[in-house]
Amino acid sequence: METPGSQTSLHRANLERVVRAVRMAGSLTQAEIARSTGLSAATVSNIVRELKDGGTVEVTPTSAGGRRARSVSLSGDAGIVIGVDFGHTHLRVAVGNLAHQVLAEEAEPLDVDASSAEGFDRAETLVNRLVAATGIGPGKIIGVGLGVPGPIDVESGTLGSTAILPGWTGINPSDELSGRLGVPVYVDNDANLGALGELVWGSGRGVKDLAYIKVASGVGAGLVIDGQIYRGPGGTAGEIGHITLDESGPVCRCGNRGCLETFAAARYVLPLLRPSHGDGLTMEKVVRLAREGDPGCRRVVADVGRHIGSGVANLCNLLNPSRVVLGGDLAEAGELVLGPIRESVSRYAIPSAARQLSVAPGALGGRAEVLGALALVLSEMGDSTILGSTSPTGAPAFT
């Protein structure tokens, strides 16, 4: 039995600190592990050797600062995690290992608004197919990260707004998918997962305070404060789409007038181009036409950028992030949209906050949310899941 403060419990705590550091980063050199954990180089070296002997980590030669080093990552055999991203018009699933490697990924069109049952049926089928394709047994699945296009009520675990996904009323997404797959499921809204994906793999790497702005059928923001996703007590932090820009503006689906969403979201923007461009426009097509020089599409993209910039300026004044990452199809417009965003930020944000802010396109494109779902599992799973019980010799064993 471990007693608090004993050598055994201290050793166990140090094992978990090292595993946690590697788990969150994907791979680290031993020197980086020492810096991030505060442990001495000698202690880290001994722990890494022990974890390697027990099959928990893999050590490969690398270089750091021009010097030879050893890169430490979790073993590819330690288990797999699943990411599931429900968009309004698509389903995307990815399978990854604990070393932050994506083993399989696939997306397919899906009208998520129509039926939650159909959505979960399709997700279950796709998860099973991709896991089978990896050749790894389903018993190795540690957990699933699930993204949905709406705020999650922290207390009940259900979607917080039935106006966003009316076909999902009363559904607890985590319980529903967990019951089908038989593993823990961690759920969050798509903007938060986009932020997490860019933080771990994309344009947010190395940044501790950022906002990920996703513009699609709605407008949302994933907020990262001091390296952690900030959800708020009710799970609705980041609903930037419902900042009021014009009290006499169009009626929003939330019931208010003139929300940012009514000036930037696809459902409100695309009809502006219908008289000149006809039906069948998507935001992806608008962005492509804008890049090709279409004057109407360029104007609409620039206007959307200025409106988003007004919302970003409010975030700057309140939270002072160091970086804003723009996700979704709109990010492909590059400076056509980023320039107007910066222009509005410069005009409306506190000058000191505006000077410290960088605005960048997302690096992951449409994959940001599903990769964020993988990162969600990696961040939420306990280190005991990886270490399991400790043998009398101190070597970790998997459960």
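This passage looks at the cysteines, one helix and the internal cavities of a predicted model.

We may begin with the cysteines. A search of the whole structure turned up zero disulfides. C254 belongs to no disulfide, although the sulfur of C259, the nearest cysteine sulfur, lies 3.7 Å away; a pair would have to fall within 2.5 Å to count. C316 is likewise in no disulfide, and the nearest cysteine sulfur, again that of C259, is 20 Å away. The surroundings of these residues can be described as well: C254 counts as partly exposed because its relative accessibility is 40%, whereas C316, at 2%, counts as buried.

Helix α3 covers residues 41-53. With 13 residues at 1.5 Å a residue, α3 should span 18 Å, and its end C-alpha atoms are indeed 18 Å apart, so the two values agree. Its buried residues include V44, I47, V48 and L51, together with S45 and E50. Residues three or four places apart in an α-helix point the same way, because there are 3.6 residues a turn. Just after α3, G55 adopts a positive phi of about 85 degrees.

Turning to the interior, three cavities of 30 Å³ or more were found. The largest has a volume of about 40 Å³ and is lined by R23, M24, H100, L196, V200, A375, L378 and S379. Two or more lining residues come from each of α1 (7-25), α6 (190-201) and α13 (368-380), with α13 giving the largest share, three residues. This lining comprises five nonpolar, two polar and one charged residue.

The second largest cavity also has a volume of about 40 Å³. Among the residues that line the second largest cavity are E198, Y212, E332 and G365, and its lining divides into four nonpolar, four polar and two charged residues.

Conventions
Residues numbered from 1 in each chain as written. Predicted model: local features only at pLDDT ≥ 70, side-chain atom pairs only at ≥ 80, totals over all residues. Heavy atoms only, no water. Buried < 20%, exposed > 50% of the residue type's maximum accessible area, 1.4 Å probe, protein only. Helix = DSSP H or I, 4+ residues; strand = E, 2+ residues; numbered from the N terminus. Expected span 1.5 Å × (residues − 1). 1 Å grid on protein atoms, 1.4 Å probe; cavity = no way out; pocket = protein on both sides within 12 Å on 5 of 7 lines; lining within 4 Å. Points joined across faces, edges and corners; volume = space filled by probe spheres on them. Nonpolar A, V, L, I, M, F, W, Y, C, P; charged D, E, K, R; others polar.
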